[in-house]
Amino acid sequence: MIIDTHMHENKYSFDSLVSFDEIIEQAKKVGLDGICITNHDNADLIKETGSFFYKDGILVLVGAEVLTTEGDIVVFGVEDLPRETFEPNKLTPEELLTIVNNHNGAAIAAHPYRTNNRGLGDNIKTVAHILDGVEAFNGSTPPHHNLMAYTTATECSLGIFGASDCHVKNKVGCYATEFNCEIKTMNDFIKAIKSKNYCPVILKDNGYERINIYDTLK
């Protein structure tokens with residue numbers, strides 16, 4: 001299954017220019033099997049829909065992108081994130097990851113080397129023991145920063161993910177993650193993340209291809 005693990009729709013992410021329905025339309029067009037809606041610093045969509053559902057044949061998994069004191073982390077499996085999780089009351093990465101692990105959820109460091117103070121950077125090494133993976137291929141991040149993320153993830157033996165981080169329609173699915181198992185529920189998704197049986201993929205003219213890191217630098 002090919003899933004874009006980090007996306008923003010414009011109802012609950014203030015900086016997104018794409019609606020949920022437009023994301024679904026584009027996801028079907030590019031050949032995604034599933035999408036993850038991970039809006040900024042809120043879990044409001046989960047309250048409306050639950051943590052997973054299907055729309056027009058596409059599996060929709062709902063998480064959140066949470067800004068900690070050191071940068072963004074995408075989390076899944078915690079439907080009731082405490083109010084203090086979100087801005088302006090930021091948690092440390094350790095505090096957030098402890099909450100996620102206590103709920104048997106999963107967490108991925110988002111665009112860690114982006115230079116807008118929203119990436120964990122080398123702090124990944126400090127929390128690697130309680131972190132599930134690294135978004136090494138982010139569709140809204142320069143290639144050399146993605147390569148830094150890939151290198152750190154490899155050094156720390158963490159899972160390596162691809163995701164669009166889309167805020168506009170034409171970015172949907174530009175990067176994604178191929179899971180080598182069937183995923184139907186949020187629990188399935190979390191188990192798949194923990195298994196590390198997946199790889200990042202990139203959208204090309206003829207469909208999705210597993211990533212050659214040298215191609216991403218061109």
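Two rings of Phe, Tyr or Trp (its six-membered ring) are called a pair here if their centres lie within 6.5 Å. Planes under 30 degrees apart count as stacked, those over 60 as edge-to-face, and the rest as tilted. By this rule, the structure above holds eight aromatic pairs. One of them joins F137 and Y175, with 5.9 Å from centre to centre and 45° between the planes, and is tilted. This pair links distant parts of the chain: F137 sits in strand β7 (residues 133-138) and Y175 in strand β9 (residues 175-179), 38 residues apart. Please keep in mind as you read on that this is a predicted model.

**Aromatic residues**

How do the two partners fare for solvent access? F137 has a relative accessible area of 1% and is therefore buried. Y175, at 12%, also counts as buried, because buried means under 20% relative accessible area. There is also an aromatic cluster, made up of F76, F161, F179, F189 and Y198. One of its members, F76, turns up again in the next part, among the residues that line the largest cavity.

**The cavity**

How many cavities of 30 Å³ or more does a search of the whole structure find? The search gives one. The space in the largest cavity comes to about 30 Å³. Its lining is formed by A43, I46, V62, G63, A64, V75, F76, G77, V78 and L81. Two strands, β4 (58-67) and β5 (72-76), each give at least two residues to this lining. Which of them supplies the largest share? That is β4, with three residues. Sorted by class, the lining holds eight nonpolar residues, two polar ones and no charged ones.

**Helix α1 and F20**

Strand β4 also has a part in the surroundings of helix α1 (residues 20-30). The buried residues of this helix are F20, I23, I24, Q26, A27 and V30. Among the elements that cover them are β1 (2-7), β2 (34-40), β3 (52-55), β4, β10 (198-204) and β11 (207-210). Just after the helix comes G31, whose phi is positive at about 100°.

F20 is a good residue to look at more closely. It is located in α1, and its relative accessibility of 17% is why F20 counts as buried. Leaving aside residues up to four places away in sequence, F20 touches E9, I35, I37, F53, K55 and V60. For one of these, E9, the C-alpha atom is separated from that of F20 by 5.3 Å, although the two residues are eleven apart along the chain.

**Positive phi in the loop between β6 and α4**

Most residues other than glycine have a negative phi. Two residues in the loop between β6 (106-109) and α4 (124-127) depart from this sign, H111 and N117. Are they buried or exposed? H111 has 1% relative accessibility, so H111 counts as buried. N117 has 72%, so N117 counts as exposed. The table sets out their values.

| Residue | Phi | Relative accessibility |
|---|---|---|
| H111 | near 30° | 1% |
| N117 | about 65° | 72% |

**S164 and H167 in the loop between β8 and β9**

The loop between β8 (159-163) and β9 contains H167, and S164 has its place there too. S164 has 0% relative accessibility and therefore counts as buried. Where does its side chain make a polar contact? The partner is the side chain of D4, at 2.6 Å. Not counting residues up to four places away in sequence, S164 touches D4, H6, M7, N138, G139, S140, K171, V172, G173, C174 and Y175. The last of these, Y175, is the residue that forms the tilted pair with F137.

H167 is buried as well, because its relative accessible area is 17%. The side chain of H167 reaches the backbone oxygen of D165 at 2.9 Å. Again leaving out residues up to four places away in sequence, the contacts of H167 are H8, D15, S16, L17, V18 and H40.

Notes
Residues numbered from 1 in each chain as written. Predicted model: local features only at pLDDT ≥ 70, side-chain atom pairs only at ≥ 80, totals over all residues. Heavy atoms only, no water. 1 Å grid on protein atoms, 1.4 Å probe; cavity = no way out; pocket = protein on both sides within 12 Å on 5 of 7 lines; lining within 4 Å. Points joined across faces, edges and corners; volume = space filled by probe spheres on them. Helix = DSSP H or I, 4+ residues; strand = E, 2+ residues; numbered from the N terminus. Nonpolar A, V, L, I, M, F, W, Y, C, P; charged D, E, K, R; others polar. Buried < 20%, exposed > 50% of the residue type's maximum accessible area, 1.4 Å probe, protein only. Contact = heavy atoms within 4.5 Å. Polar contact = N/O pair within 3.5 Å; in protein donor to acceptor, adjacent residues only side chain to side chain.
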